[in-house]
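Me: I have just opened this entry and would like to learn how to read it. Could you walk me through some features, one at a time?

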Amino acid sequence: MRVRELQEPPYTIVGDVPRFSRKMTAFARPSGGKSEGKRQPSKPKDVAAIIAEGRDGYSRMDYAVQNAARTMAATMGHLAYSWERLEGARGSKGELAEPPPHEPEDAAAFTEQIKEAAQLYGADAVGVCELDRRWLYADEDVPAERQVPADIDKAIVMAVAMDRQRISESPTARAAGATGNGYSRMAFTAVCVAELLRNLGWRALPCGNDTALSIPLAIDAGLGEMGRNGSLIHPELGPCLRLCKVFTDAPLVPGKPVEFGVREQCEKCTMCADQCEASAISRDEMTAEPVCPSNNRGVLKWPLNADLCLRFWRANGTGCADCISACPYTPKR
Ligand code: SF4
Ligand code: SF4
């Protein structure tokens, strides 16, 4: 696979790109899944009944592992996704009480040091981009403590790989254990990177899926391209990853976006759409028009019908990653 660096991100903007409302993301919409068809029930299936069916991958143990895997995301995300330092994080050995900003002599070397630390904290891929504010959620929907001031100009975007063996067992609760674990690793990694930057005297906001659209930021930061399945596809990790980011004013050097043929591959491949039991993945040409209220407009892509997707999740009694496991870019074990 040849990975080419680009001067501009490999997506096509069509007209205006209004900042997307966080309230319109699929999980935030209380009516999510009700605006499309009647193929799937709109209420979650009773997990106890699913466990009683005794199917492989849906045991009580599988659900327990899945739920425990999300522990750090469920606790740390609420606690730590803000501009404030964590209680207890300050004052450890070697840290100044009120650190002035660390001004590196060599910004490129400093950027590599931050990336190396991000990998220490669990990132499997790291990129930096100038912050394109079109990808921030509309301010009115973001809590004040997570809004991004105008002088914050960089995003560090990080990918954490998900366990491929478990993802290959999608759509079971066993596979969802890998997803939940990814969410917890996102929280750990982003919060540690933010604390590192704050220790060096810079402002930093760690984020999971909140505050901004992760995929265009990841593309801008050179982590990959977007596929038909609506996921970021990384040259080595494929779509078998989760994304987190840190917004900062630290003097980092942005990377370049990349291209390695995903668009051409997806134009002739429908393996994710074939595998999707919800028929949520487009088989049509790319478009900038939404197919459900949870799509942002203005960027040419294969829009994913999040309503149909989530209806399947509810019927399934857990999440789904069939479109990740089916993708030829997902590394084999
Ligand atoms: S997660 Fe599952 S239901 Fe949703 S789009 Fe992917 S394959 Fe379809
Ligand atoms: S399965 Fe095929 S069409 Fe779908 S994202 Fe992967 S390469 Fe693209």
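Me: Which residues surround ligand 1?

Reply: A word on the ground rules comes before that. This is a predicted model, where local features need pLDDT of at least 70, side-chain atom pairs count only at pLDDT 80 or more, and totals for chains, interfaces and linings use all residues. Residues are numbered from 1 along each chain as its sequence is written, while chains are lettered from A and ligands numbered from 1 in the order in which they are written. A residue is near a molecule if its C-beta atom, placed from the backbone, lies within 6 Å of it. Around ligand 1 that gives Gln275, Cys276, Ala278, Ala280, Ile281, Leu304, Cys309, Phe312, Cys320, Ala321, Asp322 and Cys323. Two elements, α10 (306-316) and α11 (322-325), give two or more residues each to this shell. Such elements are DSSP runs numbered from the N terminus: helices are H or I with at least four residues, strands are E with at least two.

Me: How does the shell around ligand 1 divide by class?

Reply: Classes come from a fixed list: Ala, Val, Leu, Ile, Met, Phe, Trp, Tyr, Cys and Pro count as nonpolar, Asp, Glu, Lys and Arg as charged, and the others, Gly among them, as polar. The shell around ligand 1 has 10 nonpolar, 1 polar and 1 charged residues.

Me: And which residues come nearest to ligand 2?

Reply: Of the 13 residues around it, these are Gly227, Cys266, Cys269, Cys272 and Cys327. Here the helices α8 (262-268) and α9 (271-275) each supply two or more residues. By class, the shell around ligand 2 holds 8 nonpolar, 4 polar and 1 charged.

Me: Is Cys269 buried, partly exposed or exposed?

Reply: The idea is to count neighbours: a residue is buried if 20 or more other C-beta atoms, placed from the backbone, lie within 10 Å of its own, exposed if 12 or fewer, and partly exposed in between. Cys269 has 18 such neighbours, so it counts as partly exposed. Cys269 sits in the loop between α8 and α9. Its C-alpha atom is 9.4 Å from that of Pro328, although 59 residues separate the two along the chain.

Me: How do I describe two helices that pack together?

Reply: Two packed helices are described by the angle between their axes and the distance between the axes. Axes are lines fitted to C-alpha atoms over the stretch in contact, and angles run from 0 to 180 degrees between N-to-C directions. Helix α2 (residues 60-69) and helix α6 (residues 173-199) pack at about 10°, with axes 7 Å apart. That makes α2 roughly parallel to α6 (angles under 35 degrees count as roughly parallel, over 145 as roughly antiparallel, 65 to 115 as roughly perpendicular and the rest as oblique). Two residues are in contact if their C-beta atoms, placed from the backbone, lie within 7 Å. On the α2 side the contact includes Tyr63 and Val65, and on the α6 side Ala176 and Gly180. The residues of this contact divide into 5 nonpolar, 5 polar and 2 charged.

Me: Why is α6 said to be largely enclosed?

Reply: Of its 27 residues, 23 are buried, so α6 is largely enclosed by the rest of the structure. Helix α6 reaches 39 Å from its first C-alpha to its last, close to the 39 Å expected; the expected span is 1.5 Å times one less than the number of residues. Gly201, which follows α6, has a positive phi near 90°.

Me: Which other backbone details should I look at?

Reply: Start with the peptide bond from Ser170 to Pro171, which is cis, with omega near 10°. Pro171 lies in the loop between α5 (164-167) and α6. Next comes Thr211, with a positive phi of about 75° although it is not a glycine. Thr211 is in the loop between β4 (204-207) and α7 (214-220), and its 22 C-beta neighbours inside 10 Å make it buried. Ser279 is not a glycine either, yet its phi is positive, about 55°. Ser279 belongs to the loop between α9 and α10 and is partly exposed, with 14 other C-beta atoms within 10 Å.

Me: What is Val246 in contact with, leaving aside its neighbours within four places in sequence?

Reply: Val246, found in strand β7 (residues 241-248), touches several residues, including Ile156, Ala190, Val193 and Leu205. With 26 C-beta neighbours inside 10 Å, Val246 counts as buried.
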